Amino acid sequence: MKIDTHHHFWKYNAAEYGWIGDDMKNLRRDFLAKDLRQALASAGVDAAISVQARETVEETRWLLEIAAAEPKILGVVGWVELAGPRVEAELDRFVPDKKFKGVRHVLQAEPANELMDDSKFNDGISKLASRNLVYDILIFERHLKQAIAFVDRHPKQVFVLDHVAKPLISAHVLEPWRRQMHELAKRPNVYCKISGMITEADWLHWSPADLAPYIATAIDAFTPRRLMFGSDWPVMLAAGNYRLWHDTVTRAVEALTEEERDRFWSGTAKEAYRL
């Protein structure tokens, strides 16, 4: 079985998706369940996990509605206002839905990323573990040191690092990202997605060789036991197509044992997200 642990849905409008610039015009349209089914089928991927793209509880509700009608969606990582006064009520609104698996806030967009150090935000994070919810960490590589301290405040919380912390692939820079990834991986409650990498490379001229040292580092640091496959579809369409990304990753992990590959393609996701 193969599970894509990271994709998005949206009904496009310029006001809510202002981050989709002129260089990403092919993303300026709706991406819905029928489009996902086509993408998964192009690479023989069996199922997926939907991840929030907007910071609204309305989107979380919408994603769960789509998931209820689409068997290929095994789970949803939604959004609630973790630093808000009604965080527990918002979480408990969604927890009864068996496909509600976790929460994400777009930390990479926070000014100076101070939210990871905010006491109210951390209090919100502390409400997740007792509800069996994962927290997805979305950061740039420059935030890794702060993310390590953030994770250390919550040793019983399951975390999933998105997009291998967005290293400087286009600049071919490995350090200090590589060292900090190994440090973060020492925390057994942290998993990592090999996802969202081609949009951190040169969109027009990237090659598998550009990605190789970053994928190798993730495998070495987290091992296949805590690594999982993701696409970041449809965002990744800015730099390639779904089948190309899938096949690139397939070649990158072909040296793993059969057991390790099974773990990478589905076993880790099933464990981390309680699928």
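Which residue stands opposite Ser 50 in strand 2? In this predicted model, the residue that stands opposite Ser 50 of strand 2 is His 7, and this pairing offers a convenient entry to the arrangement of the strands around it.

Strand 1, which covers residues 3-7, and strand 2 run parallel and are joined by three bridges. Besides the pairing of His 7 with Ser 50, Ile 3 has Ala 47 of strand 2 as its bridge partner. Strand 2 also pairs with strand 3, residues 73-78, again in the parallel sense and over four bridges, and here Ala 48 stands opposite Ile 73. Between these strands the chain passes through helices: strand 1, helix 1 (residues 33-43) and strand 2 form a right-handed β-α-β unit, and strand 2, helix 2 (residues 57-69) and strand 3 form a right-handed β-α-β unit as well.

The surroundings of these strands can be read from the accessibility of their residues. In strand 1, five of the five residues are buried, so this strand is largely enclosed by the rest of the structure. In strand 2, which spans residues 47-51, five of the five residues are likewise buried, and strand 2 is therefore largely enclosed by the rest of the structure. In a regular strand, side chains alternate between the two faces of the sheet. In strand 2, Ala 47, Ile 49 and Val 51 point one way, whereas Ala 48 and Ser 50 point the other way, and all of them are buried.

Burial is also seen in helix 5, residues 144-152, where Leu 144, Gln 146, Ala 147, Ile 148, Phe 150 and Val 151 are buried. The elements that cover these buried residues of helix 5 include helix 4 (119-125), strand 5 (134-137), strand 6 (159-161), helix 6 (177-185) and strand 7.

The largest pocket holds about 460 Å³ of space. Of the 22 residues that line this pocket, those closest to its centre are Trp 19, Val 106, Gln 108, Leu 138 and Lys 166. The lining of the largest pocket is mixed in character, with nine nonpolar, six polar and seven charged residues. Lys 166 is also one of the residues touched by Glu 200, the others being Pro 167, Ile 169 and Ser 170 when residues up to four places away in sequence are not counted. Glu 200 itself lies in the loop between strand 7 (190-194) and helix 7 (208-222). Its relative accessible area is 17%, and Glu 200 counts as buried because this value falls below the cut-off of 20%.

Several residues of the loop between strand 6 and helix 6 call for comment on their backbone. Val 164, which has its place in this loop, shows a positive phi of about 45 degrees although it is not a glycine, and with a relative accessibility of 0% Val 164 counts as buried. His 172, found in the loop between strand 6 and helix 6, likewise has a positive phi, near 60 degrees, and is a residue other than glycine. In contrast to Val 164, which is buried, His 172 counts as exposed, at 53% relative accessibility. Pro 176 is found in the loop between strand 6 and helix 6 too, and the peptide bond that joins Glu 175 to Pro 176 is cis, with omega about 5 degrees. A cis peptide bond also leads from Trp 233 to Pro 234, with omega near 0 degrees; Pro 234 has its place in the loop between strand 8 (227-229) and helix 8 (242-252).

Methods
Residues are numbered from 1 along each chain as its sequence is written. This is a predicted model: local features need pLDDT of at least 70, side-chain atom pairs count only at pLDDT 80 or more; totals for chains, interfaces and linings use all residues. Side-chain values use heavy atoms; hydrogens and water are left out. Buried means under 20% relative accessible area, exposed over 50%, partly exposed in between (1.4 Å probe, protein chains only). Helices (H or I, at least four residues) and strands (E, at least two) are DSSP runs, numbered from the N terminus. Two strands pair if DSSP finds at least two bridges between them. A crossover is right-handed if, with the strands pointing away from the viewer, the path from the first strand over the helix to the second runs clockwise. On a 1 Å grid over the protein atoms alone, a cavity is a set of points where a 1.4 Å probe fits but cannot get out, and a pocket is an open set with protein on both sides within 12 Å along at least five of seven lines; lining residues have an atom within 4 Å of a point. Grid points are joined across faces, edges and corners, and a volume is the space filled by probe spheres set on the points. Ala, Val, Leu, Ile, Met, Phe, Trp, Tyr, Cys and Pro count as nonpolar, Asp, Glu, Lys and Arg as charged, and the others, Gly among them, as polar. Contact means heavy atoms within 4.5 Å.
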